[in-house]
Amino acid sequence: LSGKIIKSLHQKKGRDAAKKFIVEGTKSVIELLKSDFQIENVYVSADFKKANSALLDARKDLRLDRKST
């Protein structure tokens, strides 16, 4: 997603138009990963990746750039 689209998702109008939403915070991201929602993009810290690698690996549909920090 482009920075412009991500920024627009912080407003209800942008979320409604894109039919997408942002999930922030460790607990909420973990809940999302455990859900059956289709996840388009995931941006996590190296610490989150390390602490939750099994959960991330369990999501076969997830495309996560493992090289990013």
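**Pocket, core and aromatic pair in a five-helix protein**

The largest pocket has a lining of 23 residues, and those nearest its centre are Phe 21, Ile 22, Val 23, Leu 32 and Asn 41. The model is predicted. About 640 Å³ of space lies in this pocket. Its lining comprises 14 nonpolar, five polar and four charged residues. Helix H3 provides the largest share of the lining, three residues.

The protein contains five helices and zero strands. Read from the N terminus, the order of elements is α-α-α-α-α. The C-alpha trace spans about 35 × 25 × 20 Å along its principal axes. Of the 69 residues, 25% are buried. Among contacts with a separation of 6 or more, 19% join residues 24 or more positions apart.

The largest nonpolar core has 11 residues in all. Its members are Val 29, Ile 30, Leu 32, Leu 33, Ile 39, Val 42, Val 44, Phe 48, Leu 55, Leu 56 and Leu 62. Two or more of these residues come from each of helix H3 (26-34) and helix H5 (53-58). H3 gives the largest share, four residues. Nonpolar side chains tend to be buried together in soluble globular proteins. Leu 32 belongs to this core and is also among the residues nearest the centre of the largest pocket.

Leu 62 is a further member of the core. Beyond its neighbours within four places in sequence, Leu 62 is in contact with Leu 33, Ile 39, Val 42 and Leu 56. Each of these four partners is itself listed in the core.

Aromatic pairing was searched for across the whole structure, and one pair was found. Phe 21 and Phe 37 form this pair in an edge-to-face arrangement. Their centres are 5.9 Å apart, with 80 degrees between the planes. The pair links distant parts of the chain, 16 residues apart. Phe 21 lies in the loop between helix H2 (12-18) and H3. Phe 37 lies in the loop between H3 and helix H4 (46-51).

Are the two rings' residues buried, partly exposed or exposed? Phe 21 has a relative accessible area of 47%, so it counts as partly exposed. Phe 37 is partly exposed as well, because its relative accessibility is 46%. Both values fall between the 20% limit for buried and the 50% limit for exposed. Phe 21 thus has two roles in this description: it lies among the residues nearest the pocket centre, and it pairs with Phe 37.

Conventions. Residues numbered from 1 in each chain as written. Predicted model: local features only at pLDDT ≥ 70, side-chain atom pairs only at ≥ 80, totals over all residues. Heavy atoms only, no water. Core = buried A, V, L, I, M, F, W, Y, C linked by side-chain atoms within 4.5 Å. Buried < 20%, exposed > 50% of the residue type's maximum accessible area, 1.4 Å probe, protein only. Contact = heavy atoms within 4.5 Å. Phe/Tyr/Trp six-rings, centres within 6.5 Å; stacked < 30°, edge-to-face > 60°. 1 Å grid on protein atoms, 1.4 Å probe; cavity = no way out; pocket = protein on both sides within 12 Å on 5 of 7 lines; lining within 4 Å. Points joined across faces, edges and corners; volume = space filled by probe spheres on them. Nonpolar A, V, L, I, M, F, W, Y, C, P; charged D, E, K, R; others polar.
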